[in-house]
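Reader: I should like to understand the terms that are used to describe a protein model. Could each one be explained by an example?

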Amino acid sequence: MTATTGSLLAPPDVAAFRAAMGRFPTGVTLLTLGSGDTTTAMTLNSLTSVSLDPLLLLVSVRTGSRTLSLVSRARGFAVNVLGAQQRPLAQEFARPDRPRGRAAMTRLAAVPGVTGHAVLPAAESSFECVLEEEREAGDHTLLLGRVVALGTAAEGGGPGPLVFHQGAFTGLPARPVQG
């Protein structure tokens, strides 16, 4: 669809916007903070690499959410990129009644990272961040994190990343190990 000079376009409705964005495949992550009794985790698919110098990434969390207020107080978070085999975790931690505290730590098989936030050794990758900036954007808040530690799964170790596309979880084939 193209617009001509002087034409007025009606803004798309929410359902049309969601359907169009659903055609864009995204990775699936767990945002975590704290560890042990203070562990909080939520499924998230809004991860963007922002800068290599310094190392920055961006995530988006619903404004007013309990998790957002905890990240603001903690001044940091971790993001764990899930593999296809971790689909049950993505589904479980997307629910409002998801595990918290030690129960979350155990369910995730997480360990405390160098920043004190839970990381999943079995994740495709993990990024531990110090919160650089928060910016409200519509009904979400953008969190800019400075990456201070990262980890990756062993090459060729899993079935590939978990992907969300057109309202459903799917996967990508793992790259063959180059010998």
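Author: The following exchange sets values beside their definitions.

Author: This is a predicted model, in which local features need pLDDT of at least 70 and side-chain atom pairs count only at pLDDT 80 or more, while totals for chains, interfaces and linings use all residues. Residues are numbered from 1 along each chain as its sequence is written, and side-chain values use heavy atoms, with hydrogens and water left out.

Reader: Why is T67 called buried?

Author: T67 has 2% relative accessibility. Buried means under 20% relative accessible area, exposed means over 50%, and partly exposed lies in between, with a 1.4 Å probe and protein chains only. T67 therefore counts as buried. T67 is found in helix α2, residues 66-74; helices (H or I, at least four residues) and strands (E, at least two) are DSSP runs, numbered from the N terminus.

Reader: Which residues does T67 touch?

Author: Leaving aside residues up to four places away in sequence, T67 touches L31, L33, T40, M42 and R98. Contact means heavy atoms within 4.5 Å.

Reader: Why does F24 count as exposed?

Author: The relative accessibility of F24 is 54%, so F24 counts as exposed. F24 lies in the loop between α1 (14-21) and β1.

Reader: What makes β11 and β12 a pair of strands?

Author: Two strands pair if DSSP finds at least two bridges between them. Four bridges join β11 (residues 162-165) to β12 (residues 168-171), and the two strands run antiparallel. L162 stands opposite G171 in β12. The two strands form a hairpin with two residues between them.

Reader: Which strands are at the edges of the sheet?

Author: The open sheet has three strands in the order β1-β11-β12, with antiparallel pairing. Its edge strands are β1 (26-27) and β12, since each pairs on one side only.

Reader: What is notable about phi in Q166?

Author: Most residues other than glycine have a negative phi, and most peptide bonds are trans. In Q166, phi is near 50 degrees, a positive value in a residue other than glycine. Q166 is found in the loop between β11 and β12. At 48% relative accessibility, Q166 counts as partly exposed.

Reader: Where is R75, and how exposed is R75?

Author: R75 is found in the loop between α2 and β6 (76-81). With 40% relative accessibility, R75 counts as partly exposed. R75 also has a positive phi, of about 60 degrees, although R75 is not a glycine.

Reader: Which residues does the cis peptide bond join?

Author: The cis bond joins D53 and P54, with omega about 0 degrees. P54 lies in the loop between β4 (47-52) and β5 (55-62).
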